[in-house]
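Got your viewer open? Let's take a walk through this protein, one selection at a time.

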Amino acid sequence: MSEVSDEKLVGIVLVSHSAAVAASVAELAQGLSGGGASVPVAPAGGTESGELGTSAELIAAAAASVDRGAGVAVLTDLGSAVLTVKALLAEGDELPENTQLVDAPFLEGAVAAVVTASTGADLAAVAAAASEAYGYRKV
């Protein structure tokens, strides 16, 4: 069985209004990914000054830091985070090529995305797994 190369894995960016939330979700998702390859995951939370909010600059930097050429999946927490990512995507040159905003629940979607990416899956499969997390039932 061949090992999955860390170099060509889908990168994951987690955008939250809170730096602490983004970092904690990233840590949890990576911790739950099991023994697979180490997926590049970057939190992009809050503003440059440490306040609650979203930052186009932090999101763009996070996306660049996880880009390994296999695509970048971006998951967001709330409304303005979505709008900020959509604006960056519309500009066309702010995010790595093959970056996709994924419609998924933030925590469950992040875990599903990281676990799936760790298997070497492509961006479409990672996005699908994250989106399917909407169907996870707890009761």
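One term before we click: a residue is called buried when its relative accessible area is under 20%, exposed when that area is over 50%, and partly exposed in between, using a 1.4 Å probe and protein chains only. Also keep in mind that this is a predicted model, where local features need pLDDT of at least 70 and side-chain atom pairs count only at pLDDT 80 or more, while totals for chains, interfaces and linings use all residues. Residues are numbered from 1 along each chain as its sequence is written, and side-chain values use heavy atoms, with hydrogens and water left out.

**Stop 1: the whole chain**

Show the protein chain as a cartoon. You should find 5 helices and 4 strands; here helices (H or I, at least four residues) and strands (E, at least two) are DSSP runs, numbered from the N terminus. Follow the sequence along and the pattern reads β-α-β-α-β-α-β-α-α. The radius of gyration is 14 Å, close to the 14 Å that the globule rule gives for 139 residues, so the protein chain is as compact as a globular protein of that length. (That radius is taken over C-alpha atoms, and the rule is 2.2 Å times the number of residues to the power 0.38.)

Of the 139 residues, 45% count as buried. Now for contacts, meaning heavy atoms within 4.5 Å: among those between residues at least 6 apart in sequence, 77% join residues at least 24 apart.

**Stop 2: strand 1**

Select residues 11–16, which make up strand 1, and begin with Gly11. Is Gly11 buried or exposed? Gly11 counts as buried, at 0% relative accessibility. Add Ala63 to your selection: Ala63 is 52 residues from Gly11 along the chain, yet their C-alpha atoms are separated by 7.6 Å. Leaving out residues up to four places away in sequence, Gly11 touches Pro40, Val66, Gly71, Val72 and Ala73.

Stay in strand 1 and move to Leu14. Leu14 is buried too, with a relative accessible area of 0%. Which residues does Leu14 touch, not counting those up to four places away in sequence? Among them are Ala22, Val25, Leu75, Phe106 and Ala110. Ala42 is another one on that list, and the C-alpha atoms of Leu14 and Ala42 are 6.3 Å apart, with their positions 28 residues apart along the chain.

**Stop 3: strand 3**

Next, pick Thr76, in strand 3 (residues 72–76). Thr76 is buried, with a relative accessible area of 7%. Beyond residues up to four places away in sequence, Thr76 touches Val15, Ala81, Val82, Val85, Leu101, Ala104 and Phe106.

**Stop 4: two loops**

Zoom in on Ser33, in the loop between helix 1 (19–31) and strand 2 (41–45). Ser33 counts as buried at 14% relative accessibility. A polar atom of the Ser33 side chain lies 2.8 Å from the backbone oxygen of Gln30. Setting aside neighbours within four places in sequence, Ser33 is in contact with Val114, Val115 and Ser118.

Last click: Asn98, in the loop between helix 3 (79–91) and strand 4 (99–101). What is unusual to look for in the backbone here? Asn98 has a positive phi of about 70° although it is not a glycine. At 45% relative accessibility, Asn98 counts as partly exposed.

Key: Polar contact = N/O pair within 3.5 Å; in protein donor to acceptor, adjacent residues only side chain to side chain.
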